[in-house]
Amino acid sequence: MTVPFERTRALNSAKEFLEAMLDPKQTPRTPRWMRGKAKAILRHYPGLCEIEMAHKALPEVFGPVPPFPRLSASEQTQGVIDASKAADL
């Protein structure tokens, strides 16, 4: 089961991946057509502001955006964030 925090993290990770696809220094052997596709996808990809608005409108679907301020996270979401941080230690 995907929790809201994980869905938001996946969106952010996908954006970072697509941005890396555009940088020839990070991904030197990426074909030109693939860079073009990544650029086209990023053109309409939601930014942190849009993801935060989605979180506020639908907190059961989207988690808060990094750095995950306690004021914007629900108690349930904050519990998942805290558990995730504890697991990383």
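Begin by selecting helix 3, residues 48-57, where Ile51, Glu52 and His55 are buried (under 20% relative accessible area, with exposed meaning over 50% and partly exposed in between, for a 1.4 Å probe and protein chains only). These three residues cover an arc of only 100° around the axis, which puts them on the same side of helix 3; the arc is that of the directions from the helix axis to the C-beta atoms. Helices here are DSSP runs (H or I, at least four residues), numbered from the N terminus.

The model on display is predicted: local features need pLDDT of at least 70 and side-chain atom pairs count only at pLDDT 80 or more, while totals for chains, interfaces and linings use all residues. Residues are numbered from 1 along each chain as its sequence is written, and side-chain values use heavy atoms, with hydrogens and water left out.

Next, turn helix 3 around. The face turned away from its buried side carries the exposed residues Cys49, Lys56 and Ala57. Return to the buried side and display helix 1, which is included in what covers the buried residues of helix 3.

Now select helix 2, residues 32-43. Its buried residues are Arg35, Ala38 and Leu42. They cover an arc of only 60° around the axis, which puts them on the same side of helix 2. An α-helix has 3.6 residues a turn, so residues three or four places apart point the same way. The buried residues of helix 2 pack against helix 1 (4-22), contact meaning heavy atoms within 4.5 Å. On the other side of helix 2, Trp33, Lys37 and Arg43 are exposed.

Stay in helix 2 and select arginine 35. Which side chain of opposite charge is nearest to arginine 35? Aspartate 23 is, at 6.5 Å, and the buried arginine 35 has no salt bridge (a side-chain nitrogen of Lys or Arg within 4 Å of a carboxyl oxygen of Asp or Glu). Leaving aside neighbours within four places in sequence, the contacts of arginine 35 include Met21, Leu22, Pro24 and Thr27.

Glycine 36, also in helix 2, counts as partly exposed at 39% relative accessibility. Its C-alpha atom is separated by 8.0 Å from that of leucine 22, 14 residues apart along the chain.

Finally, colour the chain by pLDDT, the predictor's confidence in each residue, from 0 to 100. The mean for the chain is 84, and 75% of its residues reach 70 or more. Confidence is highest in helix 2, at a mean of 97, and lowest in helix 4 (residues 75-88), at 60. Where pLDDT is low, the predicted coordinates should not be read in detail.

Technical notes: Helix = DSSP H or I, 4+ residues; strand = E, 2+ residues; numbered from the N terminus. Lys, Arg positive; Asp, Glu negative; His and termini not counted.
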